[in-house]
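Student: I'd like to learn how to read pockets and sheets in a protein model. Could you walk me through this one?

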Amino acid sequence: MCGVVGYIGKKQAQSFLIEGLSKLEYRGYDSAGIAAIDNGTLSIVKCKGRLAGLADKVKENPVKGTIGIGHTRWATHGEPSDLNAHPHTNCKNTISVVHNGIIENYLSIKEWLSSKGYTFKTETDTEVIPNLIDYYYEGSLLDAVIKAAAKMEGSYAIGVISTEEPDKLIAVRKDSPLIVGLADGEYYVASDIPAVLNKTRDVYLLDNKEFVELTLDGVKLFSEYGEEIKKDVYHVTWNADAAEKDGYEHFMLKEIHEQPKAIKNTMTSRVMPEGEIKLDDIRLTKEEIENISKIYIVACGTAYHAGLVGRYAIEKLAKIPVEVDVASEFRYRDPLIDDKTLTIIISQSGETADSLAALRLAKDSNSRVIAVTNVVGSSIAREADDVLYTWAGPEIAVASTKAYTTQLIDMYIIALYLAQRKETISKLELEQIKKEMLALPEKVEEIIKVKEDIQKFAANNYMHKDIFFIGRGLDYNVSMEGSLKLKEISYIHSEAYAAGELKHGPIALIEKGTVVVAMATQEYLYDKMLSNIKEITTRGAKVLGFAFEGHTEIAKSVDIVKYIPKTLEMFAPVLSIIPLQLLAYYMATLKGCDVDKPRNLAKSVTVE
Ligand code: F6R
């Protein structure tokens, strides 16, 4: 996720570009840049780091011009650096582009353009865009952008300026947001409404493949076939804060809703309907994979819970023994690591001190280290041998939601990749697994749509002091994550137990009215879970049960059932965690807790 802005008017563009970007920093903040055209000359200032650094830079060396574009970056392709920061230009330095999204076919476009003599200086996918526009330019910037967009696959919201037509700003979007602000003699583009709210409340909300041409005379809209189109102006009535959250009350709720897209993005170009799992990010040879005798998965908190699911997937599919450990324990317990050990560090932020120390310990002991992280250029990403990113976009709420589900996806991808290389699964099995995996975003969407039952359960039970979660196998791992979500944001005491362990102690806690969330998605453990549920209901527990659709037997033993769309048992955690996130969210809001910033917690734990 990145933020883009653009301006054309009578004033110097720089002031709006910096102000507009400051409202979009929530979309990314690892580098920023602006470009403007003055007297036919393009000038660009960009730098790694937060927007404040760019603002200081342009105070000393202003970017002159009354037409300009700007960008705040959340790195995907290419680490955060001055060079990879936007705006990017064509090799002739006549066209400048800012881009939010991912051009999925950039490598083939790059190869094709290189064969025509184009050269590239950055690691970004974006750099192909100005060069592609240049290739198609025959006297109309709008036409060239339309032709370039027809070649681009993936998602994009782009702003384009060119010295060939210095009085025009062209913009277009597909699957990344973009709006156009309309004021008197001044026109704006931005990824999100708050960027323009100080200037105007009249905007066009662009739809996919709508092109806009901004000049001093006004704004014209075009279809992908170059025909002029008309659109209603939308008058904004709400305030900026709500808009940054896309109308959601909290970032956590927004991020829960972003999961279908985040999961889809994380699978993009790795899991495809046809062919093998593609993992260019990991450079392990078949021989190296066959040499792995053991895998350690090391992480903290929610990321550790994703690791537990990863263990199941890797052992089941790739038949390699896996140990999962919390980083703060692993780093001090003299683990047995050698050059046949593969270590996987999972960390949303890529900066967690214990996870980083675990990574260094593993490397010092000659283990190959793969990082699974959400932050490009983070310490863990930089120090690992290979990195598999989660494409969740910035996670603002302290309680992790979309990072967890995308970490699960990355773990499945690693498991499948290892299995494919070791030939421990057949082509047919791989095809079936991929089919189910690709259907997950839609199923997550389906679950998110129906939340009234969870809301009702939350309303009836949020005053309880203790809530327990039970499950077996992967359901136990999801219970741990559900329990963590609940305690961290609602401050309700909560524990997760392996259901088979109840009779070895925890069942002593069950009395009349005790609230228990019982997960029963795993078919091979279903009957055993039903027995465990019976054990607690006969002692008075009030149970919210979870099972796959069609497994209605559970309804006889529990107070309320939440049915989850059917998928492979292995993928159940991706679906069953969603109602648990919502349950925690609704209980916390009913209690009046500060959901996005729970007490005593920080988003990134960079101290031991
Ligand atoms: C809980 C949560 C934390 C993090 C943990 C590790 O919702 O977010 O438990 O998972 O602090 O953080 P990262 O993944 O950044 O290493």
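Tutor: Happy to, and keep in mind that this is a predicted model. Let's begin with a pocket: helix 18 gives the largest share of the lining of the second largest pocket, 4 residues.

Student: How does one find a pocket, and what volume does the second largest pocket have?

Tutor: The general idea is that a probe the size of a water molecule, rolled over the atoms, shows where empty space is left. Here, the second largest pocket holds about 610 Å³ of space. Its lining takes in 29 residues, and nearest the centre are Cys300, Gly301, Thr302, Ala602 and Val605. Besides helix 18 (474-490), the elements giving two or more residues are helix 10 (301-318), strand 18 (341-347) and helix 12 (353-364).

Student: What kinds of residues make up that lining?

Tutor: The split is 11 nonpolar, 11 polar and 7 charged.

Student: And where does the second largest pocket lie?

Tutor: Between domain 2 (248-438) and domain 3 (449-591), because both give residues to its lining.

Student: Now for sheets. How are the strands paired in the sheet with the order 22-21-23-24-25?

Tutor: In general, strands of a sheet pair through backbone hydrogen bonds, either parallel or antiparallel. This open sheet has 5 strands, and the pairing is parallel. Strand 22 (493-498) and strand 25 (560-564) are the edges, each pairing on one side only. On average, neighbouring strands are turned by 20 degrees against each other, direction ignored.

Student: Which residue stands opposite Val516?

Tutor: Val543, in strand 24. Strand 23 (residues 515-519) and strand 24 (residues 542-548) pair in the parallel sense over 5 bridges.

Methods. Residues numbered from 1 in each chain as written. Predicted model: local features only at pLDDT ≥ 70, side-chain atom pairs only at ≥ 80, totals over all residues. Heavy atoms only, no water. 1 Å grid on protein atoms, 1.4 Å probe; cavity = no way out; pocket = protein on both sides within 12 Å on 5 of 7 lines; lining within 4 Å. Points joined across faces, edges and corners; volume = space filled by probe spheres on them. Nonpolar A, V, L, I, M, F, W, Y, C, P; charged D, E, K, R; others polar. Domains from an automatic or database assignment. Pairing = 2+ DSSP bridges. Axes fitted to C-alpha atoms, helices over the stretch in contact; angles between N-to-C directions.
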